[in-house]
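Hi,

Here is the structure I promised to pass on to you. Have a look at it first, and then read my notes below.

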Amino acid sequence: MQKFGKALLLLHSVFFSHFFSTYAQQKLVIKSLETPPIASIRGMSVVNDSVVWVSGTGGQVGLTTDGGAHWKWMKVPEHDSADWRSLYAFSAWRALLLNAGSPAHLMMTADGGQTWQLKYEDTTKGIFFDDIDFLDNQQGFAIGDPIAPDSKMAYLITGDGGNTWMKRHFYVLAEAGEALFAASGTNMVNHYYGNSIVSGMVTGGKVSRFIGNFYNIVVLPITQGSPSKGAFSLALERDGKKGVIVGGDYLHEKDTTRNCVYTTDSGKSWKVSVAAPGGYRSCVVYVKNDVFITTGPSGTDISYDAGVHWEKISDEGFHVAGVSPNRQKIWLAGSRKLGIIELP
């Protein structure tokens, strides 16, 4: 019985290794979707395999309800110049938009974009929101750059699904020259894992930090020290133990110097990737089984070992990515382009 058990274990290990090797070596292809009328898309929210929302410049929003085969393009009335960089969707009908810049407007639709209602406005000089995210269908957050002179980051919370918002003081003061990047609306992660909450956010600029659960604050080994450098995007596995942060220097799109870091201890410590992505990257997403995908203007890459090593998928680059709940489809959007990767 003992010999049989060892043989079965060995067979299982060989099978798993073969499966993983085949999966890892299969060439992934980015399939182009229709060309959007939006000059730059940085907002994305994937509801399911069929429903995806995108948003960006010119006050414009896009919606597909048939898995990307067809798209509906619309403008939010009286917001023709808005850059909707933050987006969160609950369904094909209900979604929230938050623009980057001042004044800040947080808009909601409950009828698939036919009409929009203002849910929050902030006319504070210098206000600049970078990301919006939800812990569940009711509890949501929006985070923005620190406002002088007190270095407190702009912070909004909602407890009723985005219908009403309250301004609060964020619990961590910004360091001098520290801010966030509105590159892809992926500075924050918030979700439940069992009865626990997994959350975190990243900053950049002169100082780049990971701010996680229970005041777990870590200065990252990612490149930093100037307004164009730092951490741009965060992705965590479901239990929060493993995670990846990407960024770099957006003024030097192909520079790979300390542009990606990873954690295996829930963000307590971070290490620089052994084989880095191919340049500055504005977004990273968790797919499944230690698989992460990252993208930026100079290309798109994949890691099969939770950010330690990266391989190029394509020289085609995007600003933002999203993953379907069944973890089989990765959606990509950028400057007048949409794409999709379907995993085997």
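Two strands count as paired if DSSP finds at least two bridges between them. Please keep in mind that this is a predicted model.

By that rule, S24 and strand S25 (residues 291–296) are an antiparallel pair, joined by 5 bridges. Within the pair, valine 285 sits opposite isoleucine 293 of S25. Both strands belong to an open, antiparallel sheet of 4 strands in the order S24-S25-S26-S27. Strand S24 (283–288) and strand S27 (311–314) are at the edges with a single partner strand each, so one side of each has no neighbour in the sheet. On average, neighbouring strands here are turned by 25° against each other, direction ignored.

Next, a hairpin: 5 residues link S10 to S11, and the two strands pair antiparallel over 5 bridges. Isoleucine 132 has alanine 142 in S11 as its bridge partner. In strand S10 (residues 129–134), 6 of the 6 residues are buried, so the strand is largely enclosed by the rest of the structure.

Now the pockets. The largest has a volume of about 1000 Å³. Among the elements that give two or more residues to its lining are S10 and S24, the strands described above. Its lining counts 41 residues, with Val46, Tyr88, Asp133, Arg238 and Val323 nearest the centre. By class, 23 are nonpolar, 11 polar and 7 charged.

The second largest pocket has a volume of about 340 Å³. Its lining has 11 nonpolar, 5 polar and no charged residues, and S16 gives the largest share, 4 residues.

Best wishes

Conventions: Residues are numbered from 1 along each chain as its sequence is written. This is a predicted model: local features need pLDDT of at least 70, side-chain atom pairs count only at pLDDT 80 or more; totals for chains, interfaces and linings use all residues. Side-chain values use heavy atoms; hydrogens and water are left out. Axes are lines fitted to C-alpha atoms, for helices over the stretch in contact, and angles run from 0 to 180 degrees between N-to-C directions. Buried means under 20% relative accessible area, exposed over 50%, partly exposed in between (1.4 Å probe, protein chains only). On a 1 Å grid over the protein atoms alone, a cavity is a set of points where a 1.4 Å probe fits but cannot get out, and a pocket is an open set with protein on both sides within 12 Å along at least five of seven lines; lining residues have an atom within 4 Å of a point. Grid points are joined across faces, edges and corners, and a volume is the space filled by probe spheres set on the points. Ala, Val, Leu, Ile, Met, Phe, Trp, Tyr, Cys and Pro count as nonpolar, Asp, Glu, Lys and Arg as charged, and the others, Gly among them, as polar.
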